[in-house]
Amino acid sequence: MKKWNLIVDVALCENCNNCVLAAKDELVDNTFPGYSVPHERQGRGVVWLERRTRGSAHMVDTAYRPAMCGHCDAGPCLAAGADGAVRKREDGIVLIDPVKAKGRRDLVDACPYGAIVWNEAEQVPQNWFFDAHLLDAGWTAPRCTAVCPTQAIEAVRVSDEDMATRAEAERLRTWHPEWSTRPRLYYRNLHRFDRAFVGASLLTREGEEVACVAGARVLLRHGGELVSRTISDAFGDFRFDDLPPDGVTYQIGIECDGLLPVVLDVEMEDGSRHLGDILLVKQLGPRASGGSTATPVVEHAL
């Protein structure tokens with residue numbers, strides 16, 4: 001049995017709000033018997049965007065996460081609305097019955113993701129129902145996929161087995177998997193939203209002149225094991241991403257021909273870390289066999 005899933009690429013979302021507006025345009029002031037009564041014009045809709053900013057100084061990035069009903073296979077709303085107020089179709093879509101759910105404000109609280117909103121005017125709870133009325137009329141995808149200018153949103157109808165294979169191959173993740181609701185809403189590059197990075201800028205000095213250090217070899221280790229490696233760019237910047245936001249200490253090793261190697265201990269705490277400018281010292285004379293480490297001059301305190 002093929003079922004609907006939604007895949008959102010966090011790295012491609014540019015906060016244009018087209019998906020939000022498309023849902024409002026489709027659902028406000030419109031009645032779709034068996035699917036929905038008119039949604040409210042004001043207030044947060046059933047599709048919304050969340051923002052997360054990471055880092056500091058010049059090494060900052062902001063990511064946006066389009067959020068909506070995940071059409072969970074084990075959603076608490078299904079249990080709370082088991083009397084027919086909430087049902088899951090064979091194609092995976094979760095529908096809130098606008099008649100049987102009337103007055104059921106408790107269904108709003110049943111969703112841990114906050115994906116069910118209360119319509120005060122109609123006295124009904126409402127979700128983004130995957131534009132099921134359009135799909136049933138022959139559309140091949142919900143409106144949010146068509147209006148996204150960066151193609152950050154993709155709707156796919158495949159078997160559960162094929163979806164699991166794709167999720168593993170493409171490193172797709174769900175939001176709060178520890179809640180065990182088994183949502184059908186998957187994210188690509190979700191680390192931009194819920195993980196951390198560490199980075200710095202490498203500089204060297206020749207008299208009064210300060211220059212960026214490009215091409216330096218940077219290694220990230222944890223407990224002596226190599227985690228990742230990278231090379232500083234033309235601006236002397238390097239960054240390691242997709243790291244736990246706190247509770248882990250890493251060792252960063254920096255090497256560049258003609259400059260003394262450096263080793264730093266960096267503890268991840270309270271999110272991403274920009275270590276500032278690291279001034280590398282020129283090496284005097286031949287480097288001893290096996291190399292050595294030196295304490296760097298860091299212009300911004302670690």
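This is a short exchange about how some terms apply to a predicted model.

Trainee: Why is E26 called buried?
Mentor: The relative accessible area of E26 is 11%. Buried means under 20%, so E26 is buried.

Trainee: Where does E26 lie, and how much of that helix is buried?
Mentor: E26 lies in helix α1. Helix α1 covers residues 18-27, and 7 of its 10 residues are buried. Among them are C19, V20 and L27.

Trainee: What covers the buried residues of α1?
Mentor: The cover includes the strands β2 (48-56) and β8 (153-158), along with the helices α4 (132-135) and α5 (143-147).

Trainee: What makes the pairing of E26 with H133 a polar contact?
Mentor: The side chains of E26 and H133 come to 2.7 Å. The cut-off for a pair of N or O atoms is within 3.5 Å, one able to donate a hydrogen and the other to accept it. The side-chain pair of E26 and H133 therefore counts as a polar contact.

Trainee: Which other residues is E26 in contact with, leaving aside neighbours within four places in sequence?
Mentor: Besides H133, E26 is in contact with F32, D131, L134 and R143. Contact here means heavy atoms within 4.5 Å.

Trainee: How do you know that β1 and β9 pair?
Mentor: Strand β1 (residues 3-9) and β9 share 4 bridges, in the parallel sense. Pairing needs at least two bridges, so β1 and β9 pair. One bridge joins L6 to L185 in β9.

Trainee: Why are β8 and β9 said to stand at the edges of the sheet?
Mentor: The open sheet has 3 strands in the order β8-β1-β9, with mixed pairing. β8 and β9 (185-188) each have a single partner strand, so one side of each is left without a neighbour in the sheet. From one strand to the next, the twist averages 25°.

Trainee: What lies across these strands?
Mentor: Helix α6 (residues 160-169) lies across β1, β8 and β9, and runs at about 140° to β8.

Trainee: Why is N189 called partly exposed?
Mentor: N189 has 28% relative accessibility. Partly exposed falls between the 20% limit for buried and the 50% limit for exposed, so N189 is partly exposed. N189 is in the loop between β9 and α7 (191-194), and its phi is positive, near 60°, although N189 is not a glycine.

Trainee: What makes D242 buried or partly exposed?
Mentor: D242 stands at 24% relative accessibility. Buried would need under 20%, so D242 counts as partly exposed. D242 is in strand β14 (residues 237-243), and its phi is positive, about 65°.

How values were computed
Residues are numbered from 1 along each chain as its sequence is written. This is a predicted model: local features need pLDDT of at least 70, side-chain atom pairs count only at pLDDT 80 or more; totals for chains, interfaces and linings use all residues. Side-chain values use heavy atoms; hydrogens and water are left out. Buried means under 20% relative accessible area, exposed over 50%, partly exposed in between (1.4 Å probe, protein chains only). Helices (H or I, at least four residues) and strands (E, at least two) are DSSP runs, numbered from the N terminus. Axes are lines fitted to C-alpha atoms, for helices over the stretch in contact, and angles run from 0 to 180 degrees between N-to-C directions.
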